[in-house]
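Please examine the sequence and the three-dimensional structure shown below. An explanation in running paragraphs accompanies them.

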Amino acid sequence: MQWSSAQMASADLRIEHLTPASYRTQFTASATVQSPASLLRSLSALDAARSRLKVAQSGLQLAAMQAQRDQGLFEAGQNVALAEVQQAQAAAEQARAEVDSAHAAVDVAQAQLTAQLGTALASQLSRQTALRQTILNGSELIVDLTLPPGRALPQTAQVELHIPGSQRTVHARVIGPAAAASSQLQGWREVLIAPAAPGLMPGLELVAEVQSARAQSGVRLPSSSVVWTDAEAVVFVATSAEGKARHFIARKVSTAWPLHGGYVQPGWGAVDVVTRGAGLVLTPPPKPQALPAVGGDDD
């Protein structure tokens with residue numbers, strides 16, 4: 001659609017030249033400090049299952065060696081009866097079954113730990129003895145971060161937790177996805193590890209500030225430039241037309257990155273946008289006002 005300069009002046013449209021700049025994705029999320037009690041039980045169950053597996057494997061090794069020895073003596077005609085060979089073989093089979101059972105117990109304990117913590121944290125706890133120790137001795141805390149609906153954690157995200165009742169914050173490192181999404185907020189959840197600090201304790205609900213560590217280039221569109229039509233957010237891009245007229249083209253807007261009363265559009269170049277009166281561009285342009293007659297003959 002094309003508007004003349006007179007029509008734009010009559011509608012009081014404002015057109016601004018917007019250029020790309022560097023921005024960081026930033027938003028607020030909620031976080032909950034988790035109790036290590038259930039983790040301690042799950043880790044103890046896993047450790048007990050692994051210990052049982054080691055004992056079973058040692059028993060199988062001894063039983064297999066005994067069965068092999070008795071079989072060799074029997075075949076060499078030594079003083080070993082067939083019944084002894086069969087008994088040793090049965091003992092080896094029993095030991096093998098105990099190993100299989102112990103393996104299953106380890107798998108179940110590991111699955112329970114993964115279901116409780118999520119794959120990312122469970123995997124790190126299985127590999128990193130130091131991480132397990134810092135959590136169990138209370139020097140570090142597990143924190144669940146719940147993102148607002150429709151939000152995803154930016155790459156190389158930095159998370160700061162606000163300590164209730166103070167102005168202090170602590171930096172938490174991201175481990176990976178949690179075991180499940182939030183049933184209350186219906187948002188994606190991530191697992192964090194935060195250093196223990198005065199004012200932090202299990203069960204606390206915290207405010208978290210999430211920010212991308214990397215700046216990204218884009219154009220920030222003020223909210224006044226965004227209008228909704230057919231369930232889509234658009235802005236009107238202005239291009240020069242004949243004379244001082246302007247041609248307006250609707251351009252779809254992503255609202256995934258709100259920032260400072262607007263929306264950042266990654267990948268956009270410099271653009272002229274209607275930033276005041278954008279809703280009027282959805283309607284036909286106003287008719288030019290009739291000018292009063294000059295002169296005339298009353299005779």
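The paragraphs that follow lead through the strands, the helices and a number of individual residues.

The structure is a predicted model, and its features should be read as such. A suitable starting point is the barrel. Six strands form a closed barrel in the order β4-β5-β8-β7-β6-β9, and their pairing is antiparallel. From one strand to the next, the twist averages 40°. Within this barrel, β6 and β7 run antiparallel and are joined by four bridges. One residue pair illustrates the connection: Glu160 has His171 in β7 as its bridge partner. In general terms, the strands of a sheet pair through backbone hydrogen bonds, in either a parallel or an antiparallel manner.

Helices are found against several of these strands. Helix α5, which comprises residues 129-136, lies across β5, β7 and β8 and runs at about 90° to β5. Helix α3 covers residues 82-117, a total of 36 residues. From its first C-alpha to its last, α3 reaches 53 Å, which is close to the 52 Å expected at 1.5 Å a residue. Many residues of α3 can be named as buried, among them Val85, Ala88, Ala92, Ala95 and Val99. Further along the helix, the buried residues include Ala102, Val106, Ala109, Leu113 and Leu117. What do the buried residues of α3 pack against? Their partners are the helices α2 (37-75) and α4 (119-127), together with the strands β5 (140-146), β7 (169-177) and β8 (189-195). After α3 comes Gly118, which has a positive phi near 95°.

The loop between β5 and β6 (157-162) contains Leu147. Is Leu147 buried or exposed? With a relative accessible area of 1%, Leu147 falls under the 20% limit and is therefore buried. Apart from residues up to four places away in sequence, Leu147 touches Phe27, Ala29, Ala152, Leu153, Gly187 and Trp188. Gly187 deserves a separate remark, since its C-alpha atom and that of Leu147 are separated by 5.3 Å, although the two residues are 40 residues apart along the chain.

A second arrangement of strands is an open sheet. Three strands form this sheet in the order β3-β10-β14, with antiparallel pairing. The strands β3 (21-23) and β14 (262-266) each have a single partner strand and stand at the edges, so one side of each is left without a neighbour in the sheet. Neighbouring strands of this sheet are turned by 60° against each other on average, direction ignored. Strand β10, residues 216-222, runs antiparallel to β14 and is joined to it by five bridges. In this pairing, Leu221 has Tyr263 of β14 as its bridge partner.

Another residue of strand β14 is Gln265. Its relative accessibility is 2%, and Gln265 therefore counts as buried. When neighbours within four places in sequence are left aside, Gln265 is in contact with Gly218, Val219, Leu221, Val253 and Ser254.

Aromatic rings provide a further view of the structure. A pair of aromatic rings is described by the distance of the centres and the angle of the planes. How many aromatic pairs are counted here? The count comes to one aromatic pair. It is formed by Trp3 and Phe248, whose ring centres are 6.0 Å apart and whose planes stand at 75°; because this angle is over 60 degrees, the pair is edge-to-face. Trp3 belongs to strand β1 (residues 2-3) and Phe248 to strand β13 (residues 246-252), so the pair ties together parts that are 245 residues apart in sequence. Both Trp3 and Phe248 are buried. A ring also takes part in an arrangement with a charge: the charged end of Arg251 sits over the ring of Trp268, 3.7 Å from its centre.

Finally, two aspartate residues may be considered for their backbone. Asp12 has a positive phi of about 55° although it is not a glycine. Asp12 is located in the loop between α1 (5-11) and β2 (14-18). Its relative accessible area is 44%, so Asp12 is partly exposed. Asp230 likewise is not a glycine, yet has a positive phi of about 55°. The loop between β11 (227-229) and β12 (232-240) holds Asp230. At 73% relative accessibility, Asp230 counts as exposed.

Note on methods
Residues are numbered from 1 along each chain as its sequence is written. This is a predicted model: local features need pLDDT of at least 70, side-chain atom pairs count only at pLDDT 80 or more; totals for chains, interfaces and linings use all residues. Side-chain values use heavy atoms; hydrogens and water are left out. Two strands pair if DSSP finds at least two bridges between them. Helices (H or I, at least four residues) and strands (E, at least two) are DSSP runs, numbered from the N terminus. Axes are lines fitted to C-alpha atoms, for helices over the stretch in contact, and angles run from 0 to 180 degrees between N-to-C directions. The expected span of a helix is 1.5 Å times one less than its number of residues. Buried means under 20% relative accessible area, exposed over 50%, partly exposed in between (1.4 Å probe, protein chains only). Contact means heavy atoms within 4.5 Å. Rings of Phe, Tyr and Trp (its six-membered ring) pair if their centres lie within 6.5 Å; planes under 30 degrees apart count as stacked, over 60 as edge-to-face and the rest as tilted. A charge sits over a ring if NZ of Lys or CZ of Arg is within 6 Å of the ring centre and within 35 degrees of the ring normal.
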